[in-house]
Amino acid sequence: MSARFLAAHPGLRELLVSLALLAGSYLAARFVSYVLGFAIGRAASGGTDQRLLAALKRPVTYALFLVGAWAALKRLPAAPRLDAFLDGVLFAFGLLLITLALARSYAILLDWYASHPQPDAASRDLAREFNPLFAKAGKVFIALVALSMLLQHFGANVASLVVSLGVGSLAVGLAAQDTLSNMFAGFTILLDRPFRVGDRIQLASGEKGDVQAIGMRATLIRTAEETILVVPNSLLVKERLVNLSRPTRHLVTTVEVAVAFGSDLARVREVLRGAARGSSHVDGEREPAVEITRLVDSAVNFQVMFWARDYAEQGLARSEVYAAVHDGLSAAGIAMPPPVRGTTRG
């Protein structure tokens with residue numbers, strides 16, 4: 001096809017140039033896809049680089065092809081309405097691809113930061129706990145920016161829309177006060193950190209369990225019965241609770257023992273201290289405390305206070321100490337008090 005013929009038919013020439021641009025963009029997209037695929041294969045298996053390249057592979061190649069398609073369509077003679085429609089469609093698809101690529105990359109980089117070795121344990125725990133909050137907030141922010149750009153492209157007045165959304169959000173906020181209260185309480189918990197994921201806490205109602213997750217609305221607590229207790233965050237902020245994991249995982253444990261009146265009290269103290277020291281679940285670095293709590297009828301009541309090595313082993317520690325107390329008192333010939341019988345009236 002000669003240059004003179006193409007000069008005589010400009011429409012055909014522009015069509016051929018558009019097809020060449022489209023073919024070139026397709027070949028360039030395929031080449032970039034091949035290069036990214038090769039880089040993914042060379043990256044560490046399951047590493048951040050591999051995940052990031054895999055997340056960017058399709059959006060980047062599709063976006064490159066869309067750029068060529070947009071340049072090709074711009075050269076074609078078309079009606080203004082059709083040209084505007086095609087331009088809007090290509091812009092929307094391109095913006096969607098960029099938004100998906102940014103959201104995926106943001107999530108991968110955030111996971112990498114949360115799992116990256118931190119200089120201290122506090123920074124590591126803070127990064128892990130704030131990761132879900134930052135992930136959701138970042139994705140929402142990216143989506144809102146993309147939506148505003150899309151509306152701006154199609155001629156919508158974003159400023160007036162933001163004002164309208166502000167008025168509407170005020171009405172929604174008044175109707176959903178409890179939900180917003182729980183959300184702000186969750187953010188307060190993440191900042192103040194009265195407890196962390198993995199800590200064992202005791203609520204004001206007496207329920208105990210290990211913190212599984214701190215969500216935007218509620219905190220999930222795993223109880224000893226292997227059930228999940230869902231507690232609204234606002235309740236945790238308002239009421240008192242006990243963190244059994246802070247400052248250490250050691251937990252003070254007490255055992256009540258009664259011996260017969262007239263027993264050798266010094267010998268009883270020795271047996272009780274030995275029983276507490278002999279348990280493998282008791283902290284051996286702290287000396288158990290033995291006290292007489294009261295004298296009743298024909299019994300002397302003792303209280304043995306010791307520190308369990310871990311709050312999760314408190315039950316085992318108490319059981320072992322009770323067994324050792326029984327064996328020690330029996331071996332020492334120390335009698336237990338006789339049972340108190342109720343009196344009857346004739």
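A crossing of two helices is called right-handed if the near helix is turned clockwise from the far one by less than a right angle. With that in hand, let's walk through this predicted model.

Q: How many helices and how many strands does the protein have?
A: Happily, this is a quick one to start with. The predicted model contains both kinds of element, and the totals are ten helices and eight strands.

Q: What percentage of the 346 residues is buried?
A: A residue counts as buried when its relative accessible area is under 20%. Applying that cut-off to the 346 residues of the protein gives a buried share of 30%.

Q: Which residues have the most contacts inside the largest nonpolar core?
A: This core has 20 residues. At least two of them come from each of β6 (251–260), α9 (265–277), β8 (299–308) and α10 (314–332). Leaving aside neighbours within four places in sequence, L272 is in contact with V257, V290, F302, V304 and V325. The residues with the most contacts inside the core are V259, L272 and F306.

Q: What is the order of the strands in the open sheet of three strands?
A: Start at the edges: β6 and β7 (289–296) each have a single partner strand, so one side of each is left without a neighbour in the sheet. β6 pairs with β8 in the antiparallel sense over ten bridges, and V259 has V300 of β8 as its bridge partner. From one strand to the next, the twist averages 25°. The order is therefore β6-β8-β7.

Q: Which strands does α10 touch where it packs on the sheet?
A: Two helices are worth viewing here. α9 lies across β6, β7 and β8 and runs at about 25° to β8. α10 also packs on the sheet, in a direction that makes about 25° with that of β6, and the strands it touches are β6 and β8.

Q: What is the handedness of the crossing where α9 passes α10?
A: The two helices pack at an angle of about 145°, and their axes are 8 Å apart. On the α9 side the contact is made by R267, V271, L272, A275 and A276, while α10 brings V321, A324, V325, G328, L329 and A332. By the definition at the top, the crossing is right-handed.

Q: Is A275 buried or exposed?
A: A275 is found in helix α9. Leaving aside neighbours within four places in sequence, A275 is in contact with V321, A324 and V325. A275 and A323 are 48 residues apart in sequence, yet 8.2 Å apart in space, C-alpha to C-alpha. The relative accessible area of A275 is 4%, so A275 is buried.

Q: Which strands are the edge strands of the sheet with five strands?
A: This open sheet runs in the order β4-β3-β2-β1-β5, with antiparallel pairing. Five bridges join β3 (residues 218–223) to β4, and T219 has V231 of β4 as its bridge partner. An edge strand pairs on one side only, and the strands that do this are β4 (228–232) and β5 (242–243).

Q: What percentage of the accessible surface belongs to carbon and sulfur atoms?
A: For scale, the accessible surface of the protein comes to about 21700 Å². The part belonging to carbon and sulfur atoms is 63%.

How values were computed. Residues are numbered from 1 along each chain as its sequence is written. This is a predicted model: local features need pLDDT of at least 70, side-chain atom pairs count only at pLDDT 80 or more; totals for chains, interfaces and linings use all residues. Side-chain values use heavy atoms; hydrogens and water are left out. Helices (H or I, at least four residues) and strands (E, at least two) are DSSP runs, numbered from the N terminus. Buried means under 20% relative accessible area, exposed over 50%, partly exposed in between (1.4 Å probe, protein chains only). Accessible areas come from the Shrake-Rupley method with a 1.4 Å probe; for residues, only the protein chains shown count as cover. A nonpolar core is a set of buried Ala, Val, Leu, Ile, Met, Phe, Trp, Tyr and Cys residues joined through side-chain atoms within 4.5 Å. Contact means heavy atoms within 4.5 Å. Two strands pair if DSSP finds at least two bridges between them. Axes are lines fitted to C-alpha atoms, for helices over the stretch in contact, and angles run from 0 to 180 degrees between N-to-C directions.
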